[in-house]
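Please keep the sequence and the three-dimensional view side by side while reading. The paragraphs that follow go from strands to helices and end with charged side chains.

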Amino acid sequence: MRLSRYFLPVLKETPSEAQIASHRLMLRAGMIKQASAGIYSWLPLGYKVLRNVERIVHEEQQRAGHIPMLMPTLQSADLWRESGRYDAYGPEMLRIRDRHERDLLFGPTNEEMITDIFRSHVSSYKSLPMTLYHIQWKFRDEVRPRFGVMRGREFLMKDGYNFDVDYDSAIHAYNRHMVSYLRTYERMGLKAIPMRAESGPIGGDDTHEFLVLAETGESEVFYDSAITDLTFGDRDVDYDNREECAAIVKEWTTPYARTDDTHDESVFAEVPEDRQRRSRGIEVGQIFYFGTKYSEPMGATVVNDQGEHVPVHMGSHGIGVSRLLGAIIEASHDDNGIIWPEGVTPFDCGIVNLKQGDAEADSACEGLYHALRKKGLEPLYDDREERAGAKFATMDLIGLPWRITVGPRGLKNGVVELTSRRTGESEEMSPEAAVDRVAQIYSGI
């Protein structure tokens, strides 16, 4: 993409309503525009990152054997009355009545709808285990939406639902989700810690939240610093292997890590004092096992191997897809702007022409642009008639991980400058070497 043809409405001033770094930077970088309180339009740059995050979630869900589908945003109130949650959910639910006087709601989650789909089509244990998921817009009428996409009213969410014949199988589904989430967040450049939490209106006794440590987090968290040394890496996991998945879950849940709702000071005191940490965290996902909470009242049963009709065991598993953009920025920015991890960046590399209109510089930039594209990469070429300082400021603000700077002086020596946004370090090399270096960096992403 050439910046002269792109829609990138960057702001020089910080909007007064933005209270945290991610909100300020998303507005200034032209990623989002507020439509109304807690509801945003996703502008091209923000939309590209959103789709990259969504793609990673899809890939890791399907790697774990989960099946994608799509459910509607509007749901029948009758389904929620069956489960008993319609009146219990609270004012966060947006209730609607259509022209035929039917009660509807804008879905804040989909346990009831997926249970209805399951009970309509599955009757035998031989169809299990089964995990269905979708990525869909949700709405929760927050009393005070704030912090941009971190606590909005409309948000994009991945929610998945497992159906299993018994407790042991459902716990394996729980473990499988935790493993898939660990890989998902690492691919996005995040250290997301699974912490014992409360289930809230979803229900159930077994639940973990995934939190990214950040000063602006809404949750107070307590943890053993040993957990921050764990990495998932490139493990080749057999998601059907119960023992393997359980071992990984044990590795990540043995160190103390809890939200303030479940914090136990006496247990925390057993952690060596030099490893005790108190901080704040941003919730980016949560997994639940809730047994037969929905299947029993809604009649979602299967015939087991004994010929008995039994309610299926269920769990739900969410990732805040749009919320993740805010979390990534909170965890990865500096005074100049965003620093995107390579896994989610909107463009792989920026090209800055220091002297637009100079024949040699223009030709070199065009060559870099096409060479990067031939490598399967997506560069953003700043070909505007702007001063160099403004071009650098824009690149720093939007946070592309790598920048190639081209100017007449360097070209006389046959070199361009490759700069890392994260470290600020620059290296001079030939244009061909710069292309190869960037391609090598992304080859393992």
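In which sense, and over how many bridges, do β4 and strand β6 (residues 103-106) pair? The pairing of β4 with β6 is antiparallel and runs over three bridges, where two strands are taken to pair if DSSP finds at least two bridges between them. The strands themselves, like the helices, are DSSP runs numbered from the N terminus, with E over at least two residues for a strand and H or I over at least four residues for a helix.

Before going further, note that this is a predicted model, in which local features need pLDDT of at least 70 and side-chain atom pairs count only at pLDDT 80 or more, while totals for chains, interfaces and linings use all residues. Residues are numbered from 1 along each chain as its sequence is written, and side-chain values use heavy atoms, with hydrogens and water left out.

Within the pairing of β4 and β6, L74 stands opposite F106 of β6. Both strands belong to an open sheet of three strands, ordered β4-β6-β5, whose pairing is antiparallel. At its edges stand β4 (74-76) and β5 (94-97), each of which has a single partner strand, so one side of each is left without a neighbour in the sheet. On average, and with direction ignored, neighbouring strands of this sheet are turned by 35° against each other.

A second open sheet is built from five strands in the order β20-β19-β21-β22-β23, and its pairing is mixed. Its edge strands are β20 (379-382) and β23, each pairing on one side only, and neighbouring strands are turned by 20° against each other on average, direction again being ignored. Strand β21 (residues 402-406) pairs with β22 in the antiparallel sense over four bridges, and the bridge partner of W402 is S420 in β22. Helix α11 (residues 388-398) packs on this sheet, touching β19 (349-353), β20 and β21, and its direction makes about 170° with that of β19. Helix α13 (residues 431-442) also packs on the sheet, where it touches β19, β21, β22 and β23, its direction making about 130° with that of β23.

Towards the β23 edge, strand β22 (residues 416-420) and strand β23 (residues 426-429) pair in the antiparallel sense over four bridges, with L418 standing opposite E427 of β23. These two strands form a hairpin with five residues between them, and G424 in the turn has a positive phi of about 80°.

The helix pairs come next. Two packed helices are described by the angle between their axes and the distance between the axes. Here axes are lines fitted to C-alpha atoms, for helices over the stretch in contact, and angles run from 0 to 180 degrees between N-to-C directions. Helix α1 (residues 21-28) and helix α9 (residues 321-331) have axes that come within 8 Å and cross at roughly 105°, and they are therefore roughly perpendicular to each other (angles under 35 degrees count as roughly parallel, over 145 as roughly antiparallel, 65 to 115 as roughly perpendicular and the rest as oblique). In their contact (heavy atoms within 4.5 Å), A21, S22, L25 and M26 of α1 meet L325, G326, I329 and E330 of α9.

Helix α9 also packs against α2, at an angle of about 110° and with the axes 9 Å apart, so α2 and α9 are roughly perpendicular to each other. G46, V49, L50, V53, E54 and V57 of α2 make this contact with V321, S322, L324, L325 and I328 of α9.

Helix α5 (residues 167-187) and helix α6 (residues 242-253) pack at about 60°, their axes 9 Å apart, and are therefore oblique to each other. Among the residues of α5 that meet α6 are H172, M178 and L182, while W252 is one of those on the α6 side.

Finally, the structure holds 33 salt bridges, each being a side-chain nitrogen of Lys or Arg within 4 Å of a carboxyl oxygen of Asp or Glu. One of them joins R55 to E59, whose closest N and O atoms are 3.6 Å apart. Being four residues apart in helix α2 (residues 44-63), R55 and E59 are separated by about one helical turn.
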